[in-house]
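Colleague: Please take a close look at a single residue and its surroundings, and keep the terms clear for a beginner.

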Amino acid sequence: MSATTTQFGQLPALQLRAPDGAEATITLYGAHLVSWKTAPSLDASQGSAVGLQAPAAQERLFLSTQSALDGSRAIRGGVPVIFPQFAERGTGMRHGFARVSTWRVIDSGEQDGAAFAVLALSQADLAPALAGTWPHPFELSLRVTLQAQSLTMQLEVRNTGTDAFPFSAALHTYYLVEDVEAVRIDGVQAETLAITDKLDQVFEGIKGRVTFDTGADKLGLQQTGFRDAVVWNPGAADAAALSDMEDEEYRQFVCIEPALLTPQVLEPGGSWRGEHRVAVS
């Protein structure tokens with residue numbers, strides 16, 4: 001089976017496995033991708049043929065060891081879905097309610113050798129306390145597709161009401177790295193970006209491919225619909241102040257997130273789609 005139900009911490013989850021060995025785990029809480037493992041470079045049959053043990057799938061996402069996994073608060077790491085507000089850029093909940101709401105699995109399976117799942121969230125799914133903060137009927141869908149060395153996430157927003165509403169969105173991706181100081185990022189600004197201290201920077205009007213050198217390998221990032229990108233690492237001081245992160249864990253990740261920061265107005269019956277594709281080269 002390409003998709004099976006499982007438990008992640010105390011959270012119901014869906015585990016995807018592509019025929020080539022790529023894997024992913026998505027919690028229904030937040031439609032949160034908490035693990036993405038690229039396929040082994042050597043399969044079991046090849047390993048046996050040459051007398052070697054086949055390598056395991058490689059984890060690509062950071063998840064804090066201190067993250068709550070019981071639905072009491074947002075998960076620290078993986079790929080939180082940000083909607084309808086980015087950070088404090090609005091009057092609602094910081095980063096919006098999508099990452100702390102329970103989504104529904106509406107489809108999953110295998111297509112052209114890739115495993116996929118589609119999760120959905122509508123106004124009717126929101127807890128009463130959250131529904132009261134957002135009066136606009138809507139429906140979100142998130143499609144996660146993985147195969148070999150690539151991951152694609154598609155977020156769609158639909159206005160199912162009779163009034164227009166503004167929204168922002170992002171896929172707040174935490175990439176796992178061995179040492180954040182070895183990271184180099186090209187394509188978000190004119191020069192190569194390195195991280196030597198706390199960094200929280202917005203880059204508007206992203207066009208083309210972003211190249212992310214982790215220090216161990218390179219990932220190519222492509223986004224459509226999402227016009228902007230945010231690069232974030234808390235640095236030592238801010239990491240020490242976070243209750244859901246070990247002091248030294250800031251060294252193990254960098255967030256490079258496709259984002260729609262300037263609110264877009266969605267007319268009744270209208271829809272918007274943002275796509276993010278990551279491929280290991």
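Modeller: I will take Leu33. Leaving aside its neighbours within four places in sequence, Leu33 is in contact (heavy atoms within 4.5 Å) with Ala24, Thr25, Ile26, Leu61, Gly78, Val79, Val144, Leu151 and Met153. This is a predicted model, in which local features need pLDDT of at least 70 and side-chain atom pairs count only at pLDDT 80 or more, while totals for chains, interfaces and linings use all residues. Residues are numbered from 1 along each chain as its sequence is written, and side-chain values use heavy atoms, with hydrogens and water left out.

Leu33 sits in strand S4 (residues 32–38); strands (E, at least two residues) and helices (H or I, at least four) are DSSP runs, numbered from the N terminus. With a relative accessible area of 0%, Leu33 is buried; buried means under 20%, exposed over 50% and partly exposed in between (1.4 Å probe, protein chains only). Pro80 is 47 residues away from Leu33 along the chain, and their C-alpha atoms are separated by 7.2 Å.

Leu33 also belongs to a nonpolar core, that is, a set of buried Ala, Val, Leu, Ile, Met, Phe, Trp, Tyr and Cys residues joined through side-chain atoms within 4.5 Å. The largest such core has 63 residues, and those with the most contacts inside it are Leu33, Trp103, Phe212 and Val254. Strand S9 (residues 138–147) supplies the largest share of this core, five residues. A second, separate core has eight residues, including Trp232, Ala239, Met245 and Cys255.
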